[in-house]
Amino acid sequence: MTLKALVRTDGAPLAALLELFGAAIEDADGKSLLGKAAGDSRAAVLLDGTPLGNVVGLAEHVAAAAALVSHLAAKESERRSLANEVLHLYREVHLIDQLSEELTALFDAGAAAHSALTQAARLVQSMASGIFVRRAEGEELACAAHTGDLAALPAKESGFLEEVLVRGAASIVNAGEMASGGGLRNLLFAPLRAKQRIVGVIVLVNDGSRPYSAADLKLLNTIALQTAAAIENSMLCAEMVEAARSREQLTALQRELETARAIQHSLVPRTFPPFPDRKEFELHAQMLSARAVGGDFFNFFLLDEEHLALVIGDVSGKGTASALFMAVAHTHLRTVAAKNGEPAECMAEVNRILLADKASSMYATCFYAILNTRTGELRFSNAGHNPPYLVRGDGAVEELPQDGGPPLGLFAGVYAGGVTALQPGDTLYLYTDGVPEAMNADEEDYGDETLAAALRELSSHSPRELIADVHARISAFVGDAPQSDDITMIALKRASVQPA
Amino acid sequence: MKILIVDDEPHLRMLIRQSLEELEDDGVELLSAADGEAALAAIQAETPRLVVLDVMMPKKNGFDVCHTVKRELGMDGTFIILLTAKGQEFDRQRGLDAGADLYMTKPFDPDALLEQARAVLGL
């Protein structure tokens, strides 16, 4: 990853960022890449500790700008390595596909049958010939290869071919009446016998001028014996290739799901408690991926000393595509959140970005809030997400109002913002639809009512205890039924006793 | 120089883009479109040197896009690679009739695609 590549991918937001700081970026060789520097102080842009180049500008701004550019570089590098991993998987799928195709061609029953007929034509006089095979006892015969006019061969309805299968012996029918071709023909039949099974029939036809002899019959029988083995092998081989192919496809699919899960989990916080030094609030979160990975995401981060940002969301669809969309939406929101003030403005901005480079029909529901950790004021905006619950210290449970707008990436819309206050002892509980829609074996939902009732009973719990308890209740409800969707929960509690 | 990637599957667009990404270091710009109509608009506005074109797409299929570009607009300088699912061999002729320069089947070989793109762009 180079700064040049970053400029190429994230040019527009990067330019805006640099303009804001009156700064420019230059690569490791000191070559200016983007922006106008208002000063000549430098701060290094680092990726995993390695310098990529510098931000140049005023002394008081370069450090912050370099930190932001470094963050963008880290995100872009992460996206690239994931995309490369997916490409690598695809390359494997292509190779396997290629190989199985070549194998199939090599053991092609039609090719074996055709070369047998070519051999037969050299040894026994005929105007037309054909090989008819069946995959299993009792199945219909199908023409694997033929020479000359197909209509000159005995039709399946004529009964000739069936009779050879039943009797399992070679035969001559001189001056036999054809069902389809009309007129008299001489026919020579031999069964294709592989081990104990008759896989088909080989038949030769001439125009009736010369009757077939016992010597012809013997020759055809020899050819039939050899051909039968080759055809039987090719059929077995085709079955094996088919089975191997579906196994490989299954493995590839399995790996794709693992990649998706890895993407999903790499982007959410994993260390708890996340802010051990902060005594004025307590925070805990949990995400459980369903088997067919969904697109839940969450995050939280301090915007400054007294503002904590919280995000939770759910991308439409499942699998790698939604995991990638989630990564994109998530990164945009994080970047925008760092610049903008109000949650409603952030939502509008992210929605605008997602619609501008709309790469798919996907969209995400999302709830974004900023808590003033000193006063308890909570400003939020809801993009079509399940409204979080405010669990009061006295056990009262309220849904937050639906102030917000449409899901992100769906269509252009206006986003409203809401304000509420967390009193000391209050808990904000955020969740994705996997919670109320958790389903038991009788296909009943856990339900919003049950959830609200549980929260009422758990109002005095710490965030960690509350999430563990709700999870236990859902597990008990669901029982042995498989988890159908991701289940994500965040609980944020304002400490009952606020530090002075 | 520009390359236009056209596929209604965002997944496939991402894979094709990733296969060709190193060309960006040579100053190549990678563009994408998600359906036939958008592809046609982009081809006329951006005149890409190479178009990687999926066949089965909403609004306008790859054959029609190819036919319009090559036969109606006479944009002979635009190299078109048609990409389609395996096993529709009779389509090959239809693609060539529509004026496609090359025909590749999915799953495509990322390395072969990159090599072909390099050859077309003279890199």
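**Reading strand β3 of chain B**

Visitor: Let's start with a pair: which residue in β3(B) is the bridge partner of Ile3(B)?

Guide: That's Leu50(B). Keep in mind that this is a predicted model. To read a pairing, look for bridges between two strands: at least two of them make a pair. Here, strand β1 (residues 2-6) of chain B pairs with β3(B) over 4 bridges, in the parallel sense.

Visitor: And which residue in β4(B) is the bridge partner of Leu50(B)?

Guide: Phe79(B) is the partner there. The pairing of β3(B) with strand β4 (residues 79-85) of chain B is parallel too, with 5 bridges. Between these two strands, the chain passes through helix α3 (residues 62-72) of chain B, giving a right-handed β-α-β crossover.

Visitor: Okay, now burial. How many residues of strand β3 in chain B are buried?

Guide: To call a residue buried, check that its relative accessible area is under 20%. In β3(B), which spans residues 50-54, that goes for 5 of 5 residues, so the strand counts as mostly covered.

Visitor: Which residues point which way from β3(B)?

Guide: Sort them into two sets. Leu50(B), Val52(B) and Asp54(B) point one way, while Val51(B) and Leu53(B) point the other. Both sets are buried.

Visitor: Let's hop over to chain A. How many helices and strands does chain A have?

Guide: Count 9 helices and 20 strands. Chain A has 500 residues, and 48% of them are buried. Its accessible surface is about 23,200 Å², with 55% belonging to carbon and sulfur atoms.

Terms used. Residues numbered from 1 in each chain as written. Chains lettered and ligands numbered in written order. Predicted model: local features only at pLDDT ≥ 70, side-chain atom pairs only at ≥ 80, totals over all residues. Heavy atoms only, no water. Buried < 20%, exposed > 50% of the residue type's maximum accessible area, 1.4 Å probe, protein only. Right-handed = clockwise from strand over helix to strand, strands pointing away. Areas by Shrake-Rupley, 256 points an atom, 1.4 Å probe, with all protein chains shown as cover.
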